[in-house]
Each structure stands twice: as structure tokens, then as C-alpha cells.
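Please look through the structure below with the sequence beside it. The paragraphs that follow move from single positions to the whole chain and back to the surface.

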Amino acid sequence: MSNPIDVAQILDKLGIKELNAGVSTGTQWFETEGAVTSSVSPIDGKEIAKVKNATMDDYEMVVKKAQEAFKVWRQVPAPIRGEVVRQIGNALREYKEPLGALVTLEMGKIYQEGLGEVQEMIDICDFAVGQSRLINGVSLQSERVDHRLFEQYHPLGIVGLVTSYNFPVAVWAWNSALAAIAGDVVVWKPSSKTPLTAIATQKIIHDVLKANDIPEGVFNLVIAKSSVMGDNFLADKRIPLLSVTGSTAVGKRVGGIVGKRLGKTILELGGNNAVTITPSADIPMAIMSTVFGTVGTAGQRCTSTRRIIIHEDIYDEVRDKFVNAYKNIVPKIGNPLDEQYLVGPVIDQSAVDAFLHAKKEVVREGGKVLFGGDVLTGEGYESGNYVVPCIAEAENHFEIVQEETFAPIVYLIKYSGDVTNAIDIQNDVPQGLSSCCFTLDMREAETFVSYAGSDCGIANVNLGTSGAEIGGAFGGEKDTGGGRESGSDSWKIYMRRQTNTVNYSTDLPLAQGIKFDI
């Protein structure tokens with residue numbers, strides 16, 4: 001397989017060395033005494049570079065620096081904070097191609113998706129710039145004469161950020177851009193599987209921070225093992241908000257530890273996303289959209305399509321079209337840096353094992369594999385991380401269907417009757433992130449997005465479960481965690497809400513007309 005992108009040139013442009021420091025408070029980097037770990041590409045199983053991890057002393061230093069920076073940063077007017085974020089967006093534009101390529105190299109998604117991830121970073125920066133002038137409160141009507149009642153939002157403090165390997169840099173931008181315009185500071189712990197993209201991002205914003213004389217401690221990066229930055233990070237009372245992307249099991253642990261100290265969380269956890277295809281659907285559109293949802297990022301998006309719920313009247317036709325579409329995908333599985341391929345590797349052997357386990361379990365429970373499910377071998381597949389996306393027939397109640405398998409396996413499920421039966425099947429899983437209904441029937445569409453419809457945080461009509469725009473709030477319900485990031489009014493979670501009453505009268509009336517005369 002060819003590799004048209006010059007990896008050495010990409011690493012050099014992004015400042016990635018053979019051995020990289022793993023701690024930064026903005027423009028400053030620190031030599032640490034922590035363990036040295038390797039970043040290995042899922043593309044070929046070879047080491048890209050090494051990283052020196054943080055120690056507990058490094059963590060303490062960073063948090064203290066963040067505390068100091070917050071006292072300065074919160075005084076900067078929000079539109080000026082927004083101007084800094086605007087410049088960060090421009091820096092990301094300048095480095096879009098090399099950073100997108102590094103995302104591909106380290107994570108394994110195809111280059112087009114790597115570019116798309118960086119574009120998400122740019123888009124949220126643009127969004128945050130506008131939002132910096134719209135951090136608005138509410139003016140309310142007081143029941144008391146000559147009193148002003150209003151609400152406003154203040155900076156919150158340190159935002160702890162834990163990101164996953166599947167979107168190694170976009171989620172940093174979702175959180176950091178909004179936290180920055182809110183007047184907060186960020187301490188970022190990236191996935192141990194994708195540390196180099198984090199280091200590159202920190203280096204990209206270096207010149208912006210320096211040119212604007214931003215205090216050290218506003219944008220912090222700490223690469224550390226969980227023994228150094230694990231439960232202690234979650235339990236740290238100096239950090240009022242933790243934003244964590246991960247599995248449902250991880251989220252429950254995070255929620256328990258942070259909740260014990262009554263801290264705040266944004267939890268973006270597992271999804272078990274379903275597409276419903278009704279008899280009135282535009283079937284070619286449904287097939288095209290859903291195939292991207294199932295195999296894009298090798299099935300490793302939080303919003304990847306896990307279940308396809310098909311009406312019995314069109315089931316055979318749709319099933320056969322999906323199988324044929326997958327047959328066309330197989331020759332396009334390969335090195336994601338080469339743009340002739342549409343599907344790259346999964347992240348590592350544990351992901352391959354989960355994929356094979358799901359295939360085995362769905363058959364054990366009574367399902368049937370229709371296509372795929374194999375691990376590719378031979379030239380170009382030496383890493384062992386390339387799999388043929390799998391289609392299986394299943395029942396929604398199967399235990400393996402109730403779980404999220406973070407790999408390219410999708411379950412076809414048949415329904416009968418009207419769309420409410422499909423909705424019942426869709427909702428009958430623990431997770432509630434993304435959902436979609438393909439239909440040209442207005443009543444079906446409106447039912448799907450109504451109070452009686454999808455119980456997910458994202459519910460689409462005639463487009464798939466994956467590929468959300470940044471303008472809407474991103475997140476889900478139930479075991480997905482309930483957090484919201486990115487657009488809409490998600491900025492509010494990064495701020496402290498305050499209700500104010502100002503008495504400018506000469507009297508002291510009490511609310512509710514209470515009399516209390518001394």
C-alpha cells in the first residue's frame with residue numbers, strides 16, 4: 001500500500017521529536033521524571049515517537065499554576081478572551097493539513113476524517129468568538145418596588161478535561177474554546193493512546209499565547225498515567241468541573257468520585273445508536289448515509305451506527321443492499337493516509353478482540369453473520385488492526401446488542417407495524433446518544449422527534465447518527481451520561497450562575513410580603 005504523505009515532514013512541521021515532554025502550562029514545557037511511553041500507530045504497528053509522562057509533583061505544579069492563572073484570566077473581558085480564541089482558530093487553519101495527518105497516523109481514521117476533525121476545532125473556535133459577546137444573563141421583574149432582579153454568569157475556575165482516542169483533538173477544542181471565553185482555565189489529560197496529537201495542538205497554539213501575553217496556566221497539558229492522574233484528578237476539590245469522554249463504566253466511576261465532593265461533570269459516554277428505516281424511506285439515501293455511520297472511523301465514533309431497525313416489508317431489499325454496499329467497501333480498507341481507502345484500522349488489539357467477541361456472541365445468542373467479521377492479514381495489514389466490517393442479523397434483546405461494541409459491527413433488526421414499534425425497539429437499550437429515522441412520511445418524522453419519539457440526545461430525520469455539526473449541543477441521555485458540549489447554550493456549564501437582587505429604594509420590604517418589624 002502506498003503512503004503518499006511524508007510522515008517525517010509532518011512530524012517535523014508539528015514539532016514532534018523522537019522524545020517529547022509531556023507537560024506544558026501554555027508556552028512553557030517541562031522536563032519530567034515520569035515514565036517514558038511510546039505512541040504506536042495502528043496503521044503499521046510501529047512507534048511514532050516517545051513521551052515523557054508527568055509525575056505527581058508535575059500535576060501539583062500545573063494545578064497551582066492554573067489556580068494562579070484563573071485569577072488573572074477571569075478579569076480579561078470576554079470579547080478579548082474571544083479574540084485569543086479567534087487567533088487559535090486561525091493557527092489551526094494554518095496547520096490543518098499536518099495536524100489532520102497526525103490524527104490519522106496516531107488514531108487510524110482516514111485522512112479526510114482527520115481533516116474533518118481539525119475543521120471541527122476551527123468551527124468551534126469561530127462559534128466561541130461570537131459567543132464571547134453573547135454571554136448574557138436575564139433581567140427579571142421583582143415583586144418589590146425599586147428593586148432590580150437579574151441573573152448573570154461568572155467564570156467557574158479550573159476545567160479538568162479527559163479526552164478519548166477516537167476524537168483526540170476535537171473534544172479538546174469543544175471544551176477549551178468555550179471554557180476560555182467563559183474565563184476558565186483548562187487542565188487537559190489526553191488519551192494515553194494519542195498523546196502526540198495533544199502535544200502538537202499545544203505547540204500550534206504557542207505563538208498565539210505568547211503574542212497575547214496569556215498567563216501560563218490558562219491552557220495546560222498533562223500527559224500522565226492513571227496512577228499519577230487518575231482518581232486523585234477526579235477527587236481534586238480545586239477543579240469544579242470535569243469533562244470526561246469515555247465508556248459508560250468509566251463515566252459511572254467518574255460520576256461517583258466527582259459527585260461525592262459535589263463537583264460538576266460533563267459526561268460523554270457510550271452510545272448504542274440506531275437507524276430506523278421505514279417503508280416510505282428514500283432507500284438509496286438511507287443506505288449511503290448509514291454505511292458511513294457504520295464503517296466511518298472504523299466504527300469508533302461515539303455516534304457510530306450500531307443497530308439498523310428495518311420494517312419487515314422492505315427488510316429483504318434493504319438487507320441485500322447493505323451487504324452489497326459492504327462488498328464494495330472491502331477493497332477500500334487500507335492505509336488511512338492513502339486517500340484511495342475509506343476505512344482504516346481499529347486502534348489496537350483490544351479493539352480487534354472486542355470486534356471478534358461481538359461477532360462470536362451474536363451467533364451464540366441466535367443471530368446470524370451476513371457479511372464480514374474477519375481480521376485482514378498480508379501486505380499492508382501487518383499491524384493486525386484491520387478488520388472487515390461486519391453485518392449481523394440479531395434481536396434487540398440480545399445481551400451483545402444491548403452493549404456498545406466500539407468497532408465496525410452493526411446489527412440488523414426487523415420491526416413490524418407502525419413507526420412507534422421501531423421507536424420502542426430503538427429506545428430499549430441503556431444508552432441514549434444518537435438516533436435517526438429515514439422516512440418521507442411527515443407523521444412518522446414528527447413522531448420520531450416528538451416527546452413520544454426517540455429518547456436520545458440527538459434525533460435526526462433523513463441523515464445518519466454520525467457527523468454532528470458543532471452548532472447544536474452534543475450529548476446524550478441515560479447511560480450516555482447526560483452531558484452537553486459544543487454549541488447552543490452548552491457554554492453555561494462552564495460558568496457559575498448567580499441570581500442578584502439590588503435594592504435601590506429607601507425601604508426594606510421582604511419578599512412574599514412578610515412583616516418583620518423590630
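Ser227 lies in the loop that runs between strand S10 (219-222) and helix H9 (231-235), and in this predicted model Ser227 counts as exposed, because its relative accessibility is 60%. Although Ser227 and Met56 are 171 residues apart in sequence, their C-alpha atoms are 8.9 Å apart in space. A second pair of positions can be set beside this one: Val40 and Ala249 are 209 residues apart along the chain, and their C-alpha atoms are separated by 25 Å.

Val40 itself belongs to strand S4 (residues 36-40) and is partly exposed, with a relative accessible area of 40%. Once residues up to four places away in sequence are set aside, Val40 touches Gly45, Lys46, Glu47, Ile48 and Glu106. One of these partners, Glu47, also takes part in a salt bridge, in which the side chains of Lys50 and Glu47 meet at 3.0 Å, N to O. Both ends of that bridge are partly exposed, Lys50 with a relative accessible area of 29% and Glu47 with 41%.

From these single positions one can step back to the protein as a whole. Its secondary structure comes to 16 helices and 24 strands, and the radius of gyration is 24 Å, close to the 24 Å that the globule rule gives for 518 residues, so the protein is as compact as a globular protein of that length. Taken along the principal axes, the C-alpha atoms fill a box of roughly 80 × 60 × 35 Å. Among contacts with a separation of 6 or more, 74% are accounted for by residues 24 or more positions apart. Of the 518 residues, 56% count as buried, while the accessible surface comes to about 21,500 Å², of which 50% belongs to carbon and sulfur atoms.

What lies in the interior? In soluble globular proteins, nonpolar side chains tend to be buried together. Here the largest nonpolar core has 152 residues, and those with the most contacts inside it are Ile16, Met121, Ile277 and Tyr411. Helix H6 (residues 170-182) gives the largest share of this core, 11 residues. Ile16, one of the residues with the most contacts in the core, touches Leu11, Ala49, Leu102, Leu196, Ile199 and Ala200, again not counting residues up to four places away in sequence.

Burial can also be followed along a single helix. In helix H15 (residues 419-427), the buried residues are Val419, Ala422, Ile423, Ile425, Gln426 and Asn427, a list in which polar side chains stand beside nonpolar ones. The cover over the buried residues of H15 includes strand S13 (273-277), strand S14 (305-311), strand S17 (409-415), strand S19 (434-438), helix H16 (442-448) and strand S22 (477-478). Another glutamine, Gln131, is found in helix H5 (residues 111-131) and counts as buried because its relative accessibility is 10%, where the cut-off for burial is under 20%. Leaving aside neighbours within four places in sequence, Gln131 is in contact with Ile181, Ser488 and Trp491.

Charged side chains form the next part of the picture. Side chains of opposite charge can pair when their charged atoms come close, and a search of the whole structure finds 20 salt bridges. In one of them the side chains of Arg497 and Glu151 meet at 2.9 Å, N to O. This pair links distant parts of the chain, with Arg497 in strand S24 and Glu151 in strand S7 (residues 147-155), 346 residues apart. Which of the two partners is buried and which is exposed? Arg497 is exposed, with a relative accessible area of 55%, whereas Glu151 is buried, with a relative accessible area of 14%. Elsewhere, the side chains of Arg319 and Asp320 meet in a salt bridge of 3.1 Å, N to O, and Asp320 is partly exposed at a relative accessible area of 38%. Arg319 and Asp320 are linked with Asp316 and Glu393 in a network of salt bridges.

The path ends at the surface, in the segment after strand S24 (495-503), where Ile518 is found. Ile518 is exposed, with a relative accessible area of 99%, and together with Leu510, Ile514 and Phe516 it makes a nonpolar surface patch of about 520 Å².

Terms used:
Residues numbered from 1 in each chain as written. Predicted model: local features only at pLDDT ≥ 70, side-chain atom pairs only at ≥ 80, totals over all residues. Heavy atoms only, no water. Patch = residues over 30% accessible without salt bridge, like charges linked within 9 Å, V, L, I, M, F, W, Y side chains within 5 Å. Areas by Shrake-Rupley, 256 points an atom, 1.4 Å probe, with all protein chains shown as cover. Salt bridge = Lys/Arg side-chain N within 4 Å of Asp/Glu carboxyl O. Helix = DSSP H or I, 4+ residues; strand = E, 2+ residues; numbered from the N terminus. Buried < 20%, exposed > 50% of the residue type's maximum accessible area, 1.4 Å probe, protein only. Core = buried A, V, L, I, M, F, W, Y, C linked by side-chain atoms within 4.5 Å. Contact = heavy atoms within 4.5 Å. Rg over C-alpha atoms; globule rule 2.2 N^0.38 Å.
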